[in-house]
Structures are given as C-alpha cells and as structure tokens.
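Open the model in your viewer and keep the sequence panel beside it. This tour tells you what to select at each stop and what you will find there.

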Amino acid sequence: MPIFKRRKRTVVEADPIGAFWSWWTEAGAAQVADAIARKEPTETSSVLTELIGWIHQDLEWELGPGLHAKHALIVTAAGNPTHRAVARRWLRAAPPSDETWEYADLRRPGPAFTIRFDGLPPIPVDEAVVSIEPDAASIHVGVHHPVFPDVPIDVQRRVTFLILDLVLGEEMVETWVGAIETLSSAPADAVAIDSLLPAVAAFAAEHTLEDGSPAWKMLEGTRDGHRLIATAEYPLRSIRRPHLDTHVAVSIGYPVVRDDGLPESDMLDELRAFEDHLTDRLGGSGNLLAHETTAGTRILHYYTDGTTPAGAQLQAATTGWPHGKVTITTNPDPAWHNVSHLAG
C-alpha cells in the first residue's frame, strides 16, 4: 500500500473537506477505481495528494483492499495526535460505503506482505519476531527483523512502526501498546510476529467492558497535603475519540465538612447530579473522561469537538450551582495532555 504526502500547498480552499468529497462523489471514486483496475493507481495520486493536502499538509493517504468493499481509502494523521481530529472530520463527512469503496482514518490490520524501500532489501513482515511484556497499563513490545543489521537505524525504526501498524492496526497500537523498542538482535524470549495480535487483543479484552466500551478506574493520592480521589476512563487515549480535541475543565466548589476534604454523602449525590446535568447538555459534542475531587473542589475533565459550540453549552449549563464557585477553563488539547497524569 503506497503512502503519499502532498506537494507544497498551492491552493487555499474555504471548505477543503467538502471540496474533497464533492470531487470524490462526482468523479474521483470512479476515476481512482478505474485506475486501480487498469493497474495504474498512480494516475490519480497527484489529485488525491493535492486535495488531501488542502485539508492538512501533514495528512497521509493510502489505497488498499477493503474489509467489506473492494477498495479502501485511508487518510491518516500517521500517529500525530495534533492532526487526528481533522482526519476524523474527513471520515465523518464521507459518503456511505458501497461495494466499491469504504473509508477509514486509521491504518488497519492487514495480511502479511513484504515492505519495500528503494535501494534496500525486501522486508517480509512474517519474518519479524517480537518480545511481549505486559504490565498493569499496557503491553511493551520489542521488534526484531533479520534484515535490521543490513539497514540504517532510521529504517529499522520506521519498519518497526510499520510492522506494528500492519499487524495490529493503528488504533490498537496507540491504545494498548506502551513502550516500543527496535531490537538489533532477537531477544531470548522472542516469539513469532503472529503471536502479537492475539496477545494484545486478549489484554484489551481484560480491560474493556462486555459491551466494548471503555472501563473506568479509580485513583487515590494527595495534592498539597490533601486527600485526592480521581476516576478516569481507561485507557485514556485520544485516538479513541480523535475529534474531541478541546479540553474543558469545569471546577466546582463545594463546602468542606469532612476532615479529609472530600464531600459527604449528600453533597456527593448533588455533585453527581450536577455532573449528569452538564453531560446531558453536550449531546454528542463531547464526553466526560475523568474527574478529580480534593479539598472542596471537584474538577470535571471534558473533551469536546472544537468545531462545535460545546464549550459555550457547558458554560451556560453551570449557572445555578448553589454550593460554591464554578469556573471553566478551555484549551485546545488534541493529544489529551491535560489528563496525562490520570492516564496510568
């Protein structure tokens, strides 16, 4: 699957996502499918590169076989969380899939094949071996391929990430894989590359609710000498909802009665009801992903779609809390750095 990046931007488009899909539905889908059928896919690469470049100059695209359709068009941020939101908005504007085309914004697992770079030896993916080390939060993976001693270190690293994306898919890598190491020699505990997907899938199943939704975990600690209780979605990874690129922190004051500074039972019920009220106002424009409670303050960590009025909706919904001051802080945060201390 060739990956292309756009040429230098030459056109400014007011609605680049709309322009892309207009071209695609009117002519592009048929033209690209025809070029693939004639085994000349590069005939349309320049226009695809240009139109996707209008959306964002750092997006990458690729063509390949679909899971349910004949072909797939994938437009990806290539692991850069800053650009995932725009790739997801591209996908959400896509037409329905049909027999010929389906669409994705993340690289998906695919059959084993050979990676090829000009001037370098072929790299069959199925010859790779891996080390697999799970901990409480993620699986750490080392990758070795027999060709590594014959290629530069930067190529080794690039191949490492390509292999993981091809075997696991981009979402599984970003969600469940922790440290990634390029290994110059095969480790003593190495296993075949085809062992990796079952291992990561089993780990994910252990940390996901039966309906497939994310689990939540409770954390406890201290802040400025005061007891702190936090709960957060687990794992807290922006790739699961890349369109939610804006952090909205709602800080809610409450009266302190208990010695440890946490809310008593009745106040906790009121805080939860207020939280439900705020969340309901968001609809599908955002999600509550974590909250922290300590010393008379409860902070709700929402992430919202920055192209919607979600922040203003939350601001309007905070009026009427009778037990203390409510403040809202809004910041762009596509990588979810503002909750990284709760990510585990």
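Two strands count as paired if DSSP finds at least two bridges between them. Keep that in mind for the first stop. One caution before you start: this is a predicted model.

**Stop 1: a four-stranded sheet**

Select residues 129-134 and residues 139-144. These are strands S7 and S8, and they pair in the antiparallel sense over six bridges. Look at Ile132. Its bridge partner in S8 is Val141. Now follow the chain from S7 to S8. A hairpin of four residues makes the link.

Add residues 191-192 to the selection. This is strand S10, which pairs with S7 in the antiparallel sense over two bridges. Which residues of S10 are the bridge partners of Val129 and Val130? Val129 is matched with Ala192. Val130 is matched with Val191.

Next, bring in residues 177-182, strand S9. The four strands now make an open sheet in the order S9-S8-S7-S10, with mixed pairing. S9 and S10 are the edge strands, and each pairs on one side only. Strands of a sheet pair through backbone hydrogen bonds, either parallel or antiparallel. Show the backbone atoms here.

**Stop 2: the aromatic rings**

Hide the sheet and show the aromatic side chains. A pair of aromatic rings is described by the distance of the centres and the angle of the planes. With ring centres required to lie within 6.5 Å, the count comes to 13 aromatic pairs.

Zoom to Phe20 and Trp21. Their rings sit 4.9 Å apart centre to centre, with 85 degrees between the planes, and the pair is edge-to-face. Both residues are buried.

Move to Trp24 and Trp101. The ring centres are 4.9 Å apart and the planes are at 75 degrees, so this pair is edge-to-face. How far apart in sequence are the parts that this pair ties together? Trp24 belongs to helix H1 (residues 16-37) and Trp101 to strand S4 (residues 101-104), so the pair links parts that are 77 residues apart in sequence. Trp24 has 1% relative accessibility and counts as buried. Trp101 is buried as well, at 2%.

Now select the whole group: Phe20, Trp21, Trp23, Trp24, Trp90, Trp101 and Tyr103. Together they form one aromatic cluster.

**Stop 3: helix H3**

Trp90 leads you to the next stop, since it is one of the buried residues in H3. Select residues 84-92. Is this helix largely enclosed or largely open? Seven of its nine residues are buried, so H3 is largely enclosed by the rest of the structure. The buried ones are Arg84, Ala85, Val86, Ala87, Arg88, Arg89 and Trp90.

Now show what lies over them. The cover includes H1, helix H2 (45-55), strand S3 (71-76), S4 and helix H5 (170-176).

**Stop 4: a buried glutamate**

Go to Glu60, in strand S2 (residues 60-65). Glu60 has 14% relative accessibility, so it counts as buried, the limit being under 20%. Its side chain makes a polar contact with the side chain of Arg107, at 3.0 Å.

**Stop 5: the second largest pocket**

Select Met218, Ile229, Leu268, Arg272 and Arg298. Of the 16 residues that line the second largest pocket, these lie nearest its centre. The pocket holds about 270 Å³ of space. Strand S12 (226-234), helix H7 (265-282) and strand S14 (286-294) each give two or more residues to the lining.

**Stop 6: backbone details**

Start with Tyr234 and Pro235. The peptide bond between them is cis, with omega near -5 degrees. Pro235 is in the loop between S12 and strand S13 (246-253).

Then pick Ala78, in the loop between S3 and H3. Its phi is near 55 degrees, a positive value in a residue other than glycine. Ala78 counts as partly exposed, at 35% relative accessibility.

Finish at Trp336, in the segment after strand S16 (326-332). Here phi is near 60 degrees, again positive in a residue other than glycine. Is Trp336 buried or exposed? At 2% relative accessibility, Trp336 counts as buried.

Conventions. Residues are numbered from 1 along each chain as its sequence is written. This is a predicted model: local features need pLDDT of at least 70, side-chain atom pairs count only at pLDDT 80 or more; totals for chains, interfaces and linings use all residues. Side-chain values use heavy atoms; hydrogens and water are left out. Rings of Phe, Tyr and Trp (its six-membered ring) pair if their centres lie within 6.5 Å; planes under 30 degrees apart count as stacked, over 60 as edge-to-face and the rest as tilted. Buried means under 20% relative accessible area, exposed over 50%, partly exposed in between (1.4 Å probe, protein chains only). Contact means heavy atoms within 4.5 Å. A polar contact is a pair of N or O atoms within 3.5 Å; within protein, one must be able to donate a hydrogen and the other to accept it, and residues adjacent in sequence count only if both atoms are side-chain atoms. On a 1 Å grid over the protein atoms alone, a cavity is a set of points where a 1.4 Å probe fits but cannot get out, and a pocket is an open set with protein on both sides within 12 Å along at least five of seven lines; lining residues have an atom within 4 Å of a point. Grid points are joined across faces, edges and corners, and a volume is the space filled by probe spheres set on the points.
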